[in-house]
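Me: Please take one close look at the middle of this model and at what surrounds it. I would like a connected answer in plain words.

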Amino acid sequence: MKRAVYLDRDGTLNVPILREGRAYAPVTESDFRIYPEARAALDRLKDAGLLTIVVTNQPELATGELTWKVLERLHGVLRRALPIDDIYVCPHHSSEACDCHKPRPKLLNQAAEKWGVALGSSFLV
């Protein structure tokens, strides 16, 4: 079994958009900025033998503020800039009470099954 670090996206790997004192996910490529220190941090995790898997809630897909096409472009930017093994997305609004909306475990379990991850010796950031 492998060990992994599950990473939230917004506010962990990329800079959130602040509006009226509240953090929001960027929904355009021009607003999508990766934290400068993210590359070095993920390199250290990879050097330690950990898988790096992004798990992100993207309710903006449900509200129409974001399209899958734009999200795929944003994740392309993320994959080119950082050593990420995989990305899992919850596209639902929190009011939908789906099983994949963090902190529920569906995305973690899906990644664990695909990658052979030992959840008990892995981490969530």
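Reply: **Cysteines, a strand and a pocket**

The cysteine sulfur closest to that of Cys-98 belongs to Cys-90 and is 3.6 Å away, which is too far for a bond. A disulfide is a pair of cysteine sulfur atoms within 2.5 Å. By this rule the count of disulfides is zero. Cys-90 is in none, and the cysteine sulfur nearest to its own, that of Cys-100, lies at 3.4 Å.

The model is predicted, so local features need pLDDT of at least 70 and side-chain atom pairs count only at pLDDT 80 or more, while totals for chains, interfaces and linings use all residues. Residues are numbered from 1 along each chain as its sequence is written, and side-chain values use heavy atoms, with hydrogens and water left out.

Cys-90 has a relative accessible area of 0% and is buried; Cys-98, at 12%, is buried as well. Buried means under 20% relative accessible area, exposed over 50%, and partly exposed in between (1.4 Å probe, protein chains only).

Next comes strand 4, residues 51-57. Helices (H or I, at least four residues) and strands (E, at least two) are DSSP runs, numbered from the N terminus. In strand 4, seven of the seven residues are buried, so the strand is largely enclosed by the rest of the structure. In a regular strand, side chains alternate between the two faces of the sheet. Both faces of strand 4 are covered: Leu-51, Ile-53, Val-55 and Asn-57 are buried on one side, and Thr-52, Val-54 and Thr-56 on the other.

Strand 4 has parallel partners. Two strands pair if DSSP finds at least two bridges between them. Strand 1 (residues 4-7) runs parallel to strand 4 and is joined to it by four bridges, with Leu-7 partnered by Val-54. Strand 5 (residues 86-90) is also parallel to strand 4, over five bridges, and there Tyr-88 stands opposite Val-55.

Thr-56 is also one of the residues touched by His-75, along with Arg-9, Ile-87 and Val-89, leaving aside residues up to four places away in sequence. Contact means heavy atoms within 4.5 Å. His-75 belongs to helix 3 (residues 68-81) and is buried, with a relative accessible area of 8%.
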